[in-house]
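Got your viewer open? Let's take a walk through the inside of this protein, one selection at a time.

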Amino acid sequence: MPSLLTSSQPINVCAGGSGFRLGSMAAVLPTVLLACAAFAAEPELSRARQLIAQGQGSEAYELLAPMAAAAKGKVEFELLLGEAALAAKRAEEARRAFERALATSPGSVAGHLGLGRAYLALGDYGSAKIEFETVLRFDDLPSSLQQQAEIYARAAQDYAAGTRLLSAGYALVGGGNYRTGAVGGGPYNESFFSARLGGSLNYELDDGYSLDGSLDYRFRDYEGDRRNDSDLRWNAAVSRNLGEGNLAGGLRGRVSYRGDSQYRNDFGLYGNYSLRLDPDNQIGFGAEIRQRRYPTGPLRERTRNIFELTGSWTHSLLDGKASFTLAGQAGREFNTQRSDGDANFFGLAPSFNFTITDTLGGFVFGWWQNDRYNIERLGAPGDSIVGIGTRNDNLYEVGGGLTWKLAPGWSLNPEILYIRDSSNVLAANYSSTEVWITLRVDF
C-alpha cells in the first residue's frame with residue numbers, strides 16, 4: 001500500500017479515513033493532529049465570538065473549554081477563552097487564560113486589559129488597577145480604589161469590543177468651609193461653592209503605542225471678599241506598553257487665576273516609567289522640567305524654572321481591598337528673582353486607599369516637602385533666623401475622606417485637608433483647614 005505521504009488518493013484523516021496502518025502514521029501523527037485541530041477550531045472560534053457578542057458567555061465558554069489543552073499558549077485562543085470566561089462569570093478561569101496569553105505575548109494590550117478585568121471580577125481592586133496601568137493612564141480618577149478599577153474596566157471592555165478611542169470623564173459640585181490661622185494674612189473663615197469638570201482620552205495605536213490627553217477645570221467661589229479661584233490643567237503625551245511596564249512622555253501645564261487680574265502659568269516637559277513587579281507591586285519613576293510664570297503684577301519676581309525627579313511604590317494589600325503608595329520628590333527651583341533666591345527641595349507623600357463595603361470606601365494621605373533657599377538674609381523681627389542666614393521651609397499637608405457610592409458612576413465624598421507651612425521667616429508661615437463635600441459623577 002502506498003505511504004500516506006506518497007499516495008495520490010485523498011484520505012480524510014480528520015474524519016478517520018481507512019486504508020493504512022497505525023505504523024504508517026507514526027512519523028506524521030503530530031503534524032496531522034495539529035492540522036486537524038486548526039481545521040476544526042476556526043469555525044468554533046468564530047462561533048464563540050458570536051456567542052460572546054450575543055451575551056451568551058456560558059455557551060461560548062463551554063464551546064471553547066474542550067479545546068483548551070490542545071490550544072494552550074496560543075495567544076488568540078487564550079484571549080478569546082478569557083473573554084468567554086469573563087462573560088460566563090468564571091473570573092478565576094479568565095485570570096489563568098489571560099496570564100497564559102501574556103506569558104506568550106508580554107506586550108499584548110488585550111491581555112493586560114483582560115487580566116485587569118479578571119482581577120476586578122475577583123474583587124482584587126488593587127491588582128486590577130496596577131494591571132490596567134501597564135496600558136492605560138487616566139488622570140484625576142476618584143479617590144475610591146474600587147471606582148478607579150471600575151473606570152479602567154469600562155475602558156478595557158470597550159477595547160475588547162473593538163474600540164480604539166477610550167475615555168473617562170467626570171463632573172463635581174459641592175461646598176465647604178475654608179479657615180486660616182492668624183499668621184500669613186489671616187484669619188479667614190469663609191464658606192465656598194466648588195465645581196469641577198474634566199476627562200481623559202486614550203487612543204490605542206498599533207505595537208503598544210497610544211496617544212493620551214486630559215483636561216481638568218476647577219472653580220471655587222468664596223462667600224466673602226477673598227479672591228475666587230479657577231484653574232485649568234492639561235496634559236498631552238505619547239505612551240507605550242513594554243510588557244509589564246509603561247513608558248510615557250509629553251507636555252503638561254496649567255493656568256491659574258490668582259485674584260486681582262493676576263495669573264500663574266505652568267508649562268513643562270515630562271517623562272515617566274511605571275513597572276509592574278508582580279500582581280501586588282508597582283514602581284514608578286519620573287522627571288520633569290517646567291517653568292512657573294507670573295506674567296504681570298507684584299508676584300512676577302516669583303517666576304522660576306523647576307527641575308523635579310519623582311519615584312513611587314504602590315502595594316496592593318488586604319486581598320486587593322486596599323492600596324498603599326509611597327511617593328518621593330526632589331529637585332531644584334532656579335532662574336528666579338525671589339529675594340530668597342533659588343531653592344533645593346525634597347519630600348515624601350504617603351497615601352492609603354481602602355474599601356469598607358461594596359458602596360463605601362475611604363482614603364488618607366500626607367505630603368511633606370523641605371525647601372532650602374540659597375541667598376542669605378538678615379533676620380527680621382519674629383523670624384527664627386539669628387543674624388545672617390538662609391530661609392528654610394517645611395511644608396505639610398494631611399487629609400482624608402470617604403467615598404459613598406450612591407449608584408453606578410455616582411458618589412458622595414466628604415473630605416478634610418489641613419495645610420501647614422512652617423518657616424524660619426515669619427511671613428512665610430501659614431496654616432489652613434478645609435472641610436467640604438462633593439457630589440461626583442463619572443462617565
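Which residues touch the most other members of the largest nonpolar core? Select Leu 64, Phe 77, Phe 98, Leu 113, Phe 132, Leu 136 and Phe 138, and you have them. They belong to a set of 44 residues. Keep in mind as you look around that this is a predicted model.

Now colour the elements behind this core. Those giving it two or more residues are helices H2 (29–53), H3 (57–64), H4 (75–87), H5 (91–104), H6 (109–121), H7 (125–132) and H8, along with strand S1. Linger on H8, since the largest share of the core, eight residues, comes from there.

Next, zoom in on Phe 132. Leaving aside residues up to four places away in sequence, Phe 132 touches Leu 113, Gly 116, Arg 117, Ala 149, Tyr 152, Ala 153 and Ala 156.

Ready to leave this core? Apart from it lies another one, made of six residues. To find that second core, pick Phe 192, Tyr 222, Ile 419 and Trp 436, which are among its members.

Time for some empty space. How many cavities of 30 Å³ or more are there? The count comes to three.

Start with the largest cavity, which holds about 70 Å³ of space. Select Ser 144, Gln 146, Leu 360, Gly 361 and Thr 403: of the 13 residues lining this cavity, these are the closest to its centre. Then show helix H8 (145–160) and strands S10 (343–355), S11 (360–373) and S14 (392–407), the elements that each give two or more residues to the lining. You've met H8 already in the core, and here H8 again provides the largest share, this time three residues. Try colouring the lining of the largest cavity by class: you'll get three nonpolar, eight polar and two charged residues.

Last stop: the second largest cavity, with a volume of about 40 Å³. Select Asp 139, Asp 140, Leu 141, Ile 151, Ala 168, Gly 169, Tyr 170, Gly 199, Ser 200, Arg 440 and Asp 442 to see its lining. Strands S1 (165–180), S2 (189–204) and S16 (430–442) are the elements that give two or more residues here. Which of them has the largest share of this lining? That's S1, with three residues. Colour by class once more, and the lining of the second largest cavity splits into four nonpolar, three polar and four charged residues.

Key
Residues are numbered from 1 along each chain as its sequence is written. This is a predicted model: local features need pLDDT of at least 70, side-chain atom pairs count only at pLDDT 80 or more; totals for chains, interfaces and linings use all residues. Side-chain values use heavy atoms; hydrogens and water are left out. On a 1 Å grid over the protein atoms alone, a cavity is a set of points where a 1.4 Å probe fits but cannot get out, and a pocket is an open set with protein on both sides within 12 Å along at least five of seven lines; lining residues have an atom within 4 Å of a point. Grid points are joined across faces, edges and corners, and a volume is the space filled by probe spheres set on the points. Helices (H or I, at least four residues) and strands (E, at least two) are DSSP runs, numbered from the N terminus. Ala, Val, Leu, Ile, Met, Phe, Trp, Tyr, Cys and Pro count as nonpolar, Asp, Glu, Lys and Arg as charged, and the others, Gly among them, as polar. A nonpolar core is a set of buried Ala, Val, Leu, Ile, Met, Phe, Trp, Tyr and Cys residues joined through side-chain atoms within 4.5 Å. Buried means under 20% relative accessible area, exposed over 50%, partly exposed in between (1.4 Å probe, protein chains only). Contact means heavy atoms within 4.5 Å.
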